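Got your viewer open? Load the model, colour it by chain, and follow along with the selections below.

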Amino acid sequence: MKYFKLLLSLLITLAFVVALNTKFGQIPPFGKFLNPFTGFWQNAENVKAWKDEEANLDGLKDEVKVYFDDRLVPHVFAKNDEDLYYMQGFITAKFRLWQMEVQTHNAAGRVSEVAGENALESDRLQRRIGMQYGAEAAQEFIAKDPESKKLIDAYCKGVNAYIKNLTPKNYPLEYKLLDYKPEEWQPIKVALLLKNMANMLSVYEYDIENTNFITTFGEENFRKLYPDYWAGDDPIVPVGTKWSSEAVGSSSQQSNTEIRNQKSEMYANALQKPDEINGSNNWAVNGTKTKSGKPILCNDPHLQLSLPSIWYEMHLVSPSMNVYGATLPGSPAVIIGFNDSISWGVTNAGRDVRDWYKLKFKDDTRNEYEYNGQWMKTEMRVEHYKVRGAKEFNDTVRYTRFGPVVFDETFGVAENKKFLAMRWTAHLPSNEFKTFYLLNQGKNYSDYTNALKTYTCPAQNFVFASRSGDVAIKEQGKFPIRNKATEQGKFVSDGTTNKDEWTDFIPSEANPLSVNPERGFVSSANQHPTDSTYPYYYSGVGVYEQFRNRRINEILTEGKEIDVEFMKKMQNDNYNLFAQEALPVMLNCLDMSQINSAFKPAIEKMKAWGYYNNPDSKAAVYFEEWWMTLREWLWDEMLDPNNPMKRPNQVVTIQLLQTDSTSDFYDIKTTRQKENRNQTVTYSFQLAMQNIMSKYHHPDSVTDWGNHKATRVAHLAKQDAFSSLNVYNGGNIGIINATNGTHGPSWRMIVDEGSMKGYVVYPGGQSGNPGSKYYDNMVATWAKGEYFETNFVAKPEDLGVKRLFTSTYKPK
Amino acid sequence: MKNFLLAILLTAISSLLLQLFLPWWIIAVAAFAVAYFIKQNSLLAFLSGFVAVLLLWVVYAYLLSAANENILVVKVAELMKALTKGSTTTLYLLTGLIGGLVSGFAALTGSLAARLK
């Protein structure tokens with residue numbers, strides 16, 4: 001009995017220990033997670049205990065001092081560039097390690113190593129579109145440039161110096177929650193991070209969707225609903241600008257008939273596209289438009305809002321540079337920012353840089369594919385997945401001259417014999433780091449053009465301003481030369497010949513550029529880079545911005561004596577140009593006799609609306625809900641998941657509503673009768689109002705736009721408890737303040753070249769630790785449209801007293 | 001009573017010191033050893049192990065959290081809503097209970113083992 005009791009007690013004790021030390025599904029190991037000595041309690045950062053620190057680090061060449069200001073922005077002062085980037089890596093890891101790793105795991109298709117089988121399909125997709133493959137190509141290419149290699153290596157050394165000193169007790173909270181540990185930081189991760197950006201930004205092609213549309217609805221409808229250009233468009237390079245070069249070498253020799261034949265196909269597989277609101281604004285005005293007589297530059301990239309934020313603010317000083325701005329945690333250099341001579345910012349170029357090719361394999365082994373009448377061998381790449389809590393999974397991806405075969409019998413909706421390979425500029429060997437490194441120390445316009453020259457992907461519109469008075473904007477990236485006659489790359493291409501193959505790229509000098517234009521400003525908002533006179537053919541069907549660009553250009557054209565306050569107001573402008581153009585048309589189509597009288601006050605509210613999507617507006621709630629419903633029902637023909645299509649853009653939709661009252665598209669497919677325009681517009685209004693009423697119960701309790709939209713800045717592992725929810729602010733898609741429920745300006749920056757001052761804000765905080773006061777402390781400031789003046793100085797002595805603590809690092 | 005208090009004190013102190021360098025479950029070893037050497041009946045041995053680590057963990061967690069102005073404890077209580085209903089008090093209790101139970105059963109095992117002497 002004695003032994004039995006002892007054994008039982010021992011077993012219970014051991015069972016407790018084992019159970020509490022093990023992760024069950026989503027449940028963290030409670031013993032590890034909850035004990036105050038190494039568990040989450042250790043991440044409860046002491047709010048006052050910021051103390052100066054000193055450490056000796058392996059691999060540093062010289063002493064580096066890092067001053068943290070009152071927002072926890074590090075001001076790094078190093079004596080050489082290697083130490084500077086070493087320290088950038090070290091400090092970024094200190095505050096953002098988990099984020100750095102999770103983003104690169106995501107890019108590399110390795111989330112299932114942490115999250116288990118649930119993440120396997122999304123991991124497979126990442127590998128099958130060649131994210132890891134592209135990163136490897138980039139890394140090899142970077143290694144050929146000794147200077148880039150040296151600096152990236154220094155950055156990685158810094159990250160690893162931090163990781164090496166970590167003990168389980170001070171792992172970032174998410175490692176404890178998900179029960180795993182950080183791994184060494186390798187140069188490939190820097191490349192992966194840029195591929196992650198590419199996968200967010202350079203994926204705007206609709207080859208499959210366009211092919212499906214033209215097959216389903218015919219060519220006439222396609223021309224009408226997906227025009228290359230539209231009236232009133234306002235491109236980045238002002239209309240009428242003369243082009244210096246003629247187009248060289250266009251590659252396709254395919255005839256129109258062959259193209260038509262290709263279009264009679266349907267594809268059930270298409271990649272999901274990023275949120276439509278992804279985009280950005282940037283502009284720079286020159287001295288003729290400003291109070292100070294010097295340029296002012298502005299930039300706000302619109303991305304998914306997250307905690308930790310995608311950006312980390314830093315000030316980097318070495319003998320060769322003094323640069324300030326937004327860095328990408330995991331990559332060296334400042335991505336968007338300014339130095340003592342120039343400033344720059346980016347918006348995404350919506351141009352199509354990814355093409356799909358339909359392949360023909362010889363047999364079921366899929367080892368050979370037809371190309372110009374011959375059989376070519378595929379290259380096999382076996383991808384291994386170490387799935388947590390499950391068996392290792394292997395996936396063979398076949399690579400062809402048209403890139404990886406993304407969809408085949410093993411992946412995507414089963415569709416016999418429709419093998420699609422993907423050619424993408426993100427697979428090209430490239431060194432984007434170099435561009436940013438050169439920009440970071442740029443002094444003038446010629447340094448800017450030199451820095452941009454080799455930049456490949458994701459293509460961006462780089463805006464520029466200098467202290468000496470120049471402003472410029474250039475769309476830079478590698479763009480395949482396309483045949484206009486065959487609209488090469490707009491539809492799924494034939495992969496059995498070389499006729500639609502990329503042969504060359506548009507020379508960098510021929511990329512759209514505007515320097516010191518007469519109007520006194522340059523700007524971009526993801527619209528067309530040029531008008532139709534540009535010598536090279538390109539397309540970006542359905543993605544080019546139609547409203548923000550015109551609003552920006554209108555404000556800047558009228559603007560005089562512009563100062564920083566003017567720009568602050570402008571970046572937070574909530575004017576809904578789309579509503580101004582769409583609402584009167586929509587109201588005109590309403591059949592008032594059919595409208596429920598309880599909904600009539602909503603119509604009055606919209607009629608009296610000044611088209612500002614301000615947070616306190618109620619009309620904006622009615623309009624946005626109505627428009628979303630209308631769009632859904634008007635283009636309901638395109639919602640079949642097995643026949644993916646892209647819905648036409650807003651300008652086209654307004655035009656259709658204005659000029660065509662009987663189009664077949666108005667018909668609502670699920671009803672027996674055939675609806676016309678007014679019926680569908682009226683129906684969608686009723687439906688939208690019913691939805692609003694079922695949410696708010698009474699017309700008087702309908703809330704305002706800020707509450708209705710309830711912007712969320714979500715934690716990267718989608719934990720509500722670590723997210724900022726219900727952030728009250730205005731805006732929406734198509735508005736300069738392009739904030740919807742989940743996406744928005746992820747970084748707002750204004751640089752005054754006159755005073756050499758920067759004004760910045762982002763919806764997050766410098767610390768990635770949910771247990772830190774500095775985790776989300778800037779969200780409220782961001783939501784209010786306010787900014788922080790940057791502490792941009794040349795010498796540490798000038799930093800002033802607003803300093804939390806100083807770290808001194810010396811070589812070991 | 002004297003042994004009871006002494007056991008609590010020794011368990012708490014040794015758990016504290018050992019956890020500075022070793023994983024959390026070292027508390028089981030500490031509680032076992034204390035109960036093995038300090039003679040008590042099984043129930044008191046269990047209770048002294050339980051109370052010692054419960055108090056140690058709750059007090060330490062509380063001190064950490066106070067210095068943090070409770071920023072994190074509120075978030076984690078919310079994160080573990082299914083168990084805590086969002087209450088930070090429940091989160092403290094859960095923390096204490098986990099340490100206490102492991103330590104209590106380890107102490108019970110220790111006192112049962114001591115009886116084999």
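Start where chain B meets chain A: across this interface of the predicted model, there is one salt bridge to find. Select B:Glu69 and A:Lys48 to see that salt bridge, with the closest N and O atoms 3.9 Å apart. Besides that, the interface has ten residue pairs in polar contact, both partners at pLDDT 80 or more.

Now show just the side of chain B that touches chain A. Which helices supply at least two residues each? They are helix 1 (2-19), helix 3 (42-67), helix 4 (71-79) and helix 6 (88-114) of chain B. Highlight helix 6 of chain B in particular, as the largest share of this side, 13 residues, comes from there. Colour the same side by residue class and you get 30 nonpolar, five polar and four charged residues.

Zoom out to take in both partners. Chain B brings 39 residues to the contact and chain A brings 40. About 3500 Å² is buried between the two chains, with carbon and sulfur atoms giving 79% of that area.

Next stop, a pocket. The second largest pocket holds about 1000 Å³ of space. To centre your view, pick A:Glu45, A:Lys94, A:Phe95, A:Tyr162 and A:Asn170, the closest to the pocket's centre of the 35 residues that line it. Then switch on the elements that give two or more residues to the lining: from chain A, strand 1 (53-57), helix 3 (81-107) and strand 29 (803-811), and from chain B, helix 3. Helix 3 of chain A gives the largest share, eight residues. By class, the lining of this second largest pocket has 18 nonpolar, nine polar and eight charged residues.

Stay with helix 3 of chain A for a moment and select A:Glu82 with A:Lys61. These two form a salt bridge, the closest N and O atoms being 3.9 Å apart. A:Glu82 sits in helix 3 of chain A while A:Lys61 is in the loop between strand 1 and strand 2 (64-69) of chain A, so the pair ties together parts 21 residues apart in sequence.

For a longer reach along the chain, go to A:Arg127 and A:Glu383. What is the distance between the closest N and O atoms of this salt bridge? It comes out at 3.1 Å. A:Arg127 belongs to helix 5 (residues 120-128) of chain A and A:Glu383 to strand 14 (residues 379-385) of chain A, so this pair ties together parts that are 256 residues apart in sequence. If you want to hunt for others, the whole structure has 49 salt bridges over all chains.

Last, go for the enclosed spaces: there are eight cavities of 30 Å³ or more. The largest has a volume of about 370 Å³. Select A:Glu276, A:Gly542, A:Val543, A:Glu545 and A:Ile733, which lie nearest its centre among the 26 lining residues. The lining of this largest cavity has nine nonpolar, eleven polar and six charged residues.

The second largest cavity has a volume of about 180 Å³. Of its 18 lining residues, A:Met197, A:Leu201, A:Trp311, A:Val346 and A:Gln460 are the closest to the centre. Helix 9 (187-201), strand 4 (279-285), strand 5 (296-304) and strand 10 (342-348) of chain A each supply at least two residues of that lining. How does the lining of the second largest cavity divide by class? Colour it up and you'll find 13 nonpolar, five polar and no charged residues.

Conventions: Residues are numbered from 1 along each chain as its sequence is written. Chains are lettered from A and ligands numbered from 1 in the order in which they are written. This is a predicted model: local features need pLDDT of at least 70, side-chain atom pairs count only at pLDDT 80 or more; totals for chains, interfaces and linings use all residues. Side-chain values use heavy atoms; hydrogens and water are left out. Contact means heavy atoms within 4.5 Å. Buried area is the accessible area (1.4 Å probe) that two parts lose on being put together, summed over both. A salt bridge is a side-chain nitrogen of Lys or Arg within 4 Å of a carboxyl oxygen of Asp or Glu. A polar contact is a pair of N or O atoms within 3.5 Å; within protein, one must be able to donate a hydrogen and the other to accept it, and residues adjacent in sequence count only if both atoms are side-chain atoms. Helices (H or I, at least four residues) and strands (E, at least two) are DSSP runs, numbered from the N terminus. Ala, Val, Leu, Ile, Met, Phe, Trp, Tyr, Cys and Pro count as nonpolar, Asp, Glu, Lys and Arg as charged, and the others, Gly among them, as polar. On a 1 Å grid over the protein atoms alone, a cavity is a set of points where a 1.4 Å probe fits but cannot get out, and a pocket is an open set with protein on both sides within 12 Å along at least five of seven lines; lining residues have an atom within 4 Å of a point. Grid points are joined across faces, edges and corners, and a volume is the space filled by probe spheres set on the points.
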